[in-house]
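I opened this model to look up its charged pairs, its cysteines and a few single residues, and I kept notes as I went.

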Amino acid sequence: MAQGDDHETGRGDADRGPGGRGARGGRARRSNPALTSRAAILAVVMCAIALSLAYPVREYIAQRKEIADLRRQEAMSRRQVEILAQRKQQLGDKSYIEREATRRLHYCRPDVKCYIVLDGGEGDGQQSRRGGTESRPPWYETLWRSVEAADRPR
């Protein structure tokens with residue numbers, strides 16, 4: 001009977017150690033090298049797939065970002081076009097042009113008396129300097145002061 005079992009498993013007496021048992025005791029187990037090589041091949045294939053997909057995915061993400069940026073720019077351009085269209089409509093109005101000419105350029109219609117108040121403190125024009133003109137030293141004096149300041153110990 002023991003001999004019949006050996007033929008079924010394909011092992012002879014050479015595999016058995018003393019006492020009729022295998023070299024490792026009990027049933028002899030062999031490590032299956034095909035399983036580890038299969039796992040290694042599977043890992044290599046998975047890495048190759050991941051690496052082959054990395055570049056297209058990165059390009060896809062970059063293109064989506066670029067599309068979003070272009071849409072944002074388009075929206076800003078549309079707003080600017082609307083503002084310019086309103087400005088064009090304003091400039092087509094004769095009363096607006098007259099108001100702006102009077103306000104900015106101090107134009108006056110022939111039938112209207114216009115007065116310009118100087119130093120009125122309104123703040124629209126340039127305000128006069130208080131205390132007279134500002135006196136700046138000549139350029140060579142400023143240069144010499146900077147040389148002296150650089151020579152001082154810190």
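**Arg109 and its partners**

I began with Arg109, which counts as partly exposed at 46% relative accessibility. I keep in mind throughout that this is a predicted model.

Which residues form salt bridges with Arg109? I found one with Glu98, where the closest N and O atoms are 3.3 Å apart, and I noted that this pair links distant parts of the chain, with Arg109 in the loop between α3 (94-105) and α4 (139-151) and Glu98 in helix α3, 11 residues apart. The other is with Asp111, where the closest N and O atoms are 3.6 Å apart, which falls inside the 4 Å cut-off for a salt bridge. I therefore wrote down Glu98, Arg109 and Asp111 as linked in a network of salt bridges.

I then looked up the accessibility of the two acids: Glu98 has a relative accessible area of 33% and is partly exposed, whereas Asp111, at 61% relative accessibility, counts as exposed. The reason for the second label is that exposed means over 50%.

**Asp69 and the salt bridge count**

Next I turned to Asp69, which forms a salt bridge with Arg72, the closest N and O atoms being 2.9 Å apart. Where do Asp69 and Arg72 sit relative to each other in helix α2? They are three residues apart in that helix, which spans residues 33-92, so about one helical turn separates them. Asp69 is partly exposed, at 29% relative accessibility. For the whole model I recorded a count of seven salt bridges, among them the pairs Asp69 with Arg72 and Arg109 with Glu98. As a reminder to myself, side chains of opposite charge can pair when their charged atoms come close.

**The cysteines**

How many disulfides does the model contain? I recorded one, formed by Cys108 and Cys114, with their sulfur atoms 1.9 Å apart. The torsion about the S-S bond of Cys108 and Cys114 is about 85 degrees, so I entered this disulfide as right-handed. Both ends are partly exposed, Cys108 at 35% relative accessibility and Cys114 at 41%. I also looked up Cys47, which is partly exposed with a relative accessible area of 47%.

**Residues 39-57**

I checked the UniProt record as well, where an unreviewed entry places the feature "transmembrane region" at residues 39-57. In the model, the span of residues 39-57 is 100% helix and 0% strand, and its end C-alpha atoms lie 26 Å apart. I note that the annotation comes from the record and may be inferred rather than shown by experiment.

**Leu91 and Glu100**

My last entries concern two single residues. Leu91 has its place in helix α2 and counts as partly exposed, at 43% relative accessibility. Leaving out residues up to four places away in sequence, I found that Leu91 touches Tyr96 and Ile97.

Is Glu100 buried or exposed? I found Glu100 in helix α3, and with a relative accessible area of 16% Glu100 is buried, because the label applies under 20%. The side chains of Glu100 and Arg103 are joined by a polar contact of 3.0 Å.

Terms used:
Residues are numbered from 1 along each chain as its sequence is written. This is a predicted model: local features need pLDDT of at least 70, side-chain atom pairs count only at pLDDT 80 or more; totals for chains, interfaces and linings use all residues. Side-chain values use heavy atoms; hydrogens and water are left out. A salt bridge is a side-chain nitrogen of Lys or Arg within 4 Å of a carboxyl oxygen of Asp or Glu. Helices (H or I, at least four residues) and strands (E, at least two) are DSSP runs, numbered from the N terminus. Buried means under 20% relative accessible area, exposed over 50%, partly exposed in between (1.4 Å probe, protein chains only). Contact means heavy atoms within 4.5 Å. A polar contact is a pair of N or O atoms within 3.5 Å; within protein, one must be able to donate a hydrogen and the other to accept it, and residues adjacent in sequence count only if both atoms are side-chain atoms. A disulfide is a pair of cysteine sulfur atoms within 2.5 Å.
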